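Reader: Hey, got a minute to walk me through this one? I'd like to start with how the helices pack.

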Amino acid sequence: MCAGSTDAADRSINELIESLKRGELSAADVMAATLRRLDLTEPSVHAYAHVARDEAMAAARERDELSGRGGWAGPLHGIPIGVKDLFQTCDMPTEAGSKVLAGNRPTRDAEAVRRLRAAGAIVVGKTVTHEFSYGLNVPPTRNAWDHSRYPGGSSAGSGVAVAAGSAAGSVGTDSAGSVRTPAAVNGIVGLKPTYGSVSTEGVIPSCPSLDHVGPLARRVRDCALLFRVLSGSGPSDPDQPPPALEQPLLGTRLGVERRHFFDSGVEPAVAHAVEEALEVLRQLGASVVETAIPELELAAAVSSTIMVVEASRWHRALIRERRLDYHPATRLMLELGQLLPAVGYLEAQQARVIVRGAVRRAFQVDSLDAIVAPSAPVTAPPIERATELTGLVHHQCPANVTGQPSISVPCGFSEDGLPIGLQLIGRPFAERTILRIAAAYEDVTTWHGRRPPVAA
Amino acid sequence: MIEPDCIRRMSDALGLGIPDSDVDRLAAELSAQLDHVRRFERLDLPDLSQEVCFDVRWEH
């Protein structure tokens with residue numbers, strides 16, 4: 001698997017759609033290539049908790065029969081998608097990475113899954129998540145680029161499957177960076193949309209006021225397409241043009257908040273890659289301005305306080321009945337949420353208003369279109385250190401606390417070959433703006449073209 | 001610092017059923033989390049209203 005590969009498992013969603021429309025590939029060809037890649041990579045990366053091999057192949061043949069009759073299932077006709085095992089699926093288990101839900105078989109699809117299927121996508125399987133998406137246990141999934149490294153989380157399988165080519169795109173959830181971290185450390189694109197712009201119905205909640213559903217893919221325009229389907233925004237007719245992402249960045253204003261995002265334990269290789277990316281964005285016409293938002297230092301405390309309380313509410317009955325079936329670290333967090341004073345939770349929500357107001361003022365005063373930052377301060381650490389990664393939350397929780405859209409796009413590699421991500425945080429409901437900036441950057445760089453080794 | 005015995009008593013009083021094996025670590029975690037909460041107390045917090053605190057959506 002390398003740059004320029006002609007394997008369908010390495011192609012972007014938009015490239016696959018073009019090939020399917022032209023009849024150069026059938027949906028069965030695409031699915032067969034995806035399943036071949038899955039067979040090759042799963043023994044070493046463990047991205048999937050459940051694979052619906054026969055069902056996926058049958059669905060691909062159905063798509064081909066439909067297109068053979070002149071029909072078309074939708075904008076994602078025949079595209080193989082991985083779904084985080086936190087989304088309810090009517091035809092596969094939904095176990096949330098936990099013994100607590102072992103054998104759980106929902107009767108309905110989550111709204112996001114329903115939308116993907118209605119658009120013609122085919123669910124390859126359920127991708128591995130940290131237990132209930134809390135990021136506290138160590139799942140079997142490994143980084144696509146180095147199997148001794150952290151795969152990101154909690155949408156670990158969703159990130160690794162897309163990087164490895166065992167899905168063309170995927171969906172995950174992001175409550176404190178769980179879409180953007182796997183995207184960054186696996187060298188792909190991950191979008192956390194504005195709070196509320198994609199339905200979380202039928203998704204097992206992590207902490208409802210911080211939870212977001214978002215897509216992961218190998219290219220920015222693929223994420224744009226998946227977002228369009230998931231959010232229901234814009235035309236869904238496949239003959240309609242894709243979002244206009246090719247506009248130049250002249251007049252675009254990008255803010256850099258150094259204190260929070262650059263002066264806080266950022267590895268030199270990451271800092272260098274992001275500074276280089278800023279220079280590329282300048283060359284594309286963007287203005288880069290320094291901005292100061294000291295209130296961001298509250299974001300991690302706000303996030304953790306809200307998370308433990310909201311999490312423990314959903315698990316309150318389950319933890320009494322199934323306490324020993326939870327991973328000990330997850331159990332401890334849920335117990336902690338039951339002990340924290342209600343006043344502390346309310347004060348965290350009030351402090352959240354302060355953070356949100358400060359970020360809003362910075363966007364207004366500096367006329368910003370986006371804030372640019374490292375997606376993560378480090379490249380993927382060894383798997384043994386996976387539970388010590390508070391720095392990742394530090395960089396990513398601000399957009400969950402404020403509800404703003406945020407995207408991670410590949411912007412380089414460390415000397416030891418590990419991917420680095422660039423984070424763009426946009427104005428609320430301005431996904432199109434950050435997608436446009438990310439696509440402009442992607443168009444003039446080559447990081448997205450590198451693919452990880454296929455097998456160990 | 002929260003004493004482990006406080007955790008035991010709270011668990012008993014509230015019927016939480018927290019196992020003894022979790023008590024020491026939970027005392028440490030709760031102490032750390034309460035340090036976060038004390039930071040909030042020192043802020044000039046906005047009025048508490050449902051609209052302000054729970055509607056995290058921004059205007060379109």
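Author: Sure, one term up front: a crossing is right-handed if the near helix is turned clockwise from the far one by less than a right angle, and left-handed if anticlockwise. Also keep in mind that this is a predicted model.

Reader: Ok, so what's the handedness of the crossing of H11(A) and H2(B)?

Author: H11(A) and H2(B) cross in the right-handed sense.

Reader: And at what angle do their axes cross?

Author: Roughly 55 degrees, with the axes of H11 (residues 328-339 of chain A) and H2 (residues 20-41 of chain B) coming within 10 Å. Angles of 65 to 115 degrees would count as roughly perpendicular and those under 35 as roughly parallel, so H11(A) is oblique to H2(B).

Reader: Which residues meet there?

Author: From H11(A) you have Arg331(A), Leu332(A), Glu335(A), Leu336(A) and Leu339(A). Facing them in H2(B) are Asp22(B), Arg25(B), Leu26(B), Glu29(B), Leu30(B) and Gln33(B). By type, the contact of H11(A) with H2(B) has five nonpolar residues, five charged and one polar.

Reader: Zooming out, how many residues of chain A are in contact with chain B?

Author: 28 residues of chain A, and they touch 28 residues of chain B. On the chain A side, the elements giving two or more residues are H10 (299-322), H11 and H12 (342-365).

Reader: Which of them gives the most?

Author: H12(A), with nine residues. The chain A side as a whole splits into 14 nonpolar, nine polar and five charged residues.

Reader: What's chain B made of, helices or strands?

Author: Chain B has three helices and zero strands, so to speak a plain α-α-α pattern along the sequence. Of its 60 residues, 18% are buried.

Reader: Switching to chain A: what's the strand order in its sheet?

Author: The sheet is open, with eleven strands ordered E1-E3-E2-E4-E6-E5-E10-E11-E9-E7-E8, and the pairing is mixed. E1 (48-51) and E8 (287-290) of chain A each have a single partner strand, so they stand at the edges with one side left without a neighbour in the sheet. On average, neighbouring strands are turned by 30 degrees against each other, ignoring direction.

Reader: Take E9 and E11 of chain A: parallel or antiparallel?

Author: Antiparallel: E9 (residues 370-374) and E11 (residues 419-426) of chain A pair over five bridges.

Reader: Which residue is the bridge partner of Ala373(A) in E11(A)?

Author: That's Gln423(A).

Notes: Residues numbered from 1 in each chain as written. Chains lettered and ligands numbered in written order. Predicted model: local features only at pLDDT ≥ 70, side-chain atom pairs only at ≥ 80, totals over all residues. Pairing = 2+ DSSP bridges. Helix = DSSP H or I, 4+ residues; strand = E, 2+ residues; numbered from the N terminus. Axes fitted to C-alpha atoms, helices over the stretch in contact; angles between N-to-C directions. Parallel < 35°, antiparallel > 145°, perpendicular 65-115°, else oblique. Contact = placed C-beta atoms within 7 Å. Nonpolar A, V, L, I, M, F, W, Y, C, P; charged D, E, K, R; others polar. Buried ≥ 20, exposed ≤ 12 C-beta atoms within 10 Å, placed from the backbone.
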